[in-house]
Amino acid sequence: MPNALLPICISDLGLIKGDRPVLQGVNLRINEPGITVVMGPNGAGKTMFLRCLHGLITPDQGLITLGSLTVAGSRDEQAMVFQQPVLLRRTVLQNLAFAAPRIAKTDPRRLIQALESVNLDDRADQPARMLSGGEQQRLALARALLSEPALLLLDEATASLDPASVLLIESLVKVQSARGAKVILVSHDQSQARRLADEIVFISNGRVAEQSPADQFFTAPKTPMAKAYLAGEILL
């Protein structure tokens, strides 16, 4: 079944924080399903771009459409996982039940299955905030996937996690993409981007500097900024 939130069209997106422009006339069209990895130097505007796409921040200018929907109209079809997971002061299982009350009432077995998918079924009755960092992020992903989103957004979701958690999260992201969800992932990790990406969007100084198929980006980047980034140079 075609993804109802594609294509994603972004026109002249602008955002100012304080007196500093964070996004400056971002123009982007994402047509294809699969995994798009957003890369770029620190402060380039990647996180703010993702938050605008999810409707957490209202841009100062520009237009975003997802298929035939606005950002507001698409929120029920989206899920986002942050770099720092936001968990309730409840048990692991209660965190899932709160995020998916209808499922909790009609099919509670799905909550346990969600925990099994992230290897947390043996932690169901433990306080969520007592989990390790990798376990908390796995719980946050399980919670996001319960809604079966058409668009899954991840903002540095595996940064500083243990290798086992990174491997599991990447595996679940690939499964979700294979099921038809569009995945947009912000990552600084070039190795991760090579493993996951079908497409790269490179953002620099609040603008889209390059949009390329992943294999093309890593072998023949088009812009000097992208070449310098891939070479490990410090970009200001």
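This briefing describes the sheet, selected residue environments, salt bridges and cysteines of one structure. The model is predicted. Its sheet is open and consists of 6 strands in the order E6-E7-E8-E3-E9-E10, with mixed pairing. The structure also holds 5 salt bridges and 0 disulfides.

**Sheet architecture**

- The open sheet of 6 strands is bounded by E6 and strand E10 (207-213), the edge strands, each of which pairs on one side only.
- From one strand to the next, the twist averages 15°.
- Helix H6 packs on this sheet and touches E6 and E7, its direction making about 175° with that of E6.
- At one end of the strand order, E6 and E7 pair in the parallel sense, over 4 bridges.
- Within that region, Ala-79 stands opposite Leu-152 in E7.
- Strand E9 (residues 199-204) and E10 run antiparallel and are joined by 6 bridges.
- Phe-202 has Glu-210, in E10, as its bridge partner.

**Strand E6 and the surroundings of His-54**

- Strand E6 comprises residues 78-81 and is covered on both faces.
- On one side of E6 the buried residues are Gln-78 and Met-80, and on the other side they are Ala-79 and Val-81.
- In general terms, this division reflects a regular pattern: side chains in a regular strand alternate between the two faces of the sheet.
- His-54 belongs to helix H1 (residues 46-54).
- His-54 counts as buried because its relative accessibility is 7%, and buried means under 20%.
- Leaving aside residues up to four places away in sequence, His-54 touches Val-71, Arg-75, Gln-78, Ala-79, Met-80 and Leu-153.
- Among these contacts of His-54 are Gln-78, Ala-79 and Met-80, which are buried residues of E6.

**Salt bridges**

- Side chains of opposite charge can pair when their charged atoms come close.
- Arg-109 and Glu-116 meet through their side chains in a salt bridge, at 3.2 Å from N to O.
- Both partners of this pair are partly exposed: Arg-109 has a relative accessible area of 43%, and Glu-116 has one of 34%.
- A salt bridge also links the side chains of Arg-110 and Glu-148, with an N to O distance of 3.6 Å.
- Arg-110 lies in helix H5 (residues 109-117), whereas Glu-148 lies in the loop between helix H6 (133-145) and strand E7 (151-155), so this pair ties together parts that are 38 residues apart in sequence.
- Arg-110 is partly exposed, at a relative accessible area of 24%, while Glu-148 counts as exposed at 56% relative accessibility.
- The side chains of Arg-123 and Asp-122 form a salt bridge at 3.0 Å, N to O.
- Asp-122, Arg-123 and Glu-135 are joined into one network by salt bridges that share partners.
- Within this network, Arg-123 is partly exposed, with a relative accessible area of 23%, and Asp-122 is exposed, with a relative accessible area of 53%.

**Loop residue Ala-159**

- Ala-159 is placed in the loop between E7 and helix H7 (163-178).
- The relative accessibility of Ala-159 is 25%, and the residue counts as partly exposed.
- Ala-159 and His-188 are 29 residues apart along the chain, and their C-alpha atoms are separated by 8.4 Å.

**Cysteines**

- A disulfide is a covalent bond between the sulfur atoms of two cysteines.
- The structure holds 0 disulfides.
- Cys-9 takes part in no disulfide, and the nearest cysteine sulfur to it, that of Cys-52, is 16 Å away.
- Cys-52 is likewise in no disulfide, and its nearest cysteine sulfur is that of Cys-9.
- The 16 Å between these sulfurs rules out a disulfide for the pair, because a disulfide requires sulfur atoms within 2.5 Å.
- Cys-9 counts as buried at 18% relative accessibility, and Cys-52 is buried with a relative accessible area of 2%.

Methods:
Residues numbered from 1 in each chain as written. Predicted model: local features only at pLDDT ≥ 70, side-chain atom pairs only at ≥ 80, totals over all residues. Heavy atoms only, no water. Salt bridge = Lys/Arg side-chain N within 4 Å of Asp/Glu carboxyl O. Buried < 20%, exposed > 50% of the residue type's maximum accessible area, 1.4 Å probe, protein only. Helix = DSSP H or I, 4+ residues; strand = E, 2+ residues; numbered from the N terminus. Contact = heavy atoms within 4.5 Å. Pairing = 2+ DSSP bridges. Axes fitted to C-alpha atoms, helices over the stretch in contact; angles between N-to-C directions.
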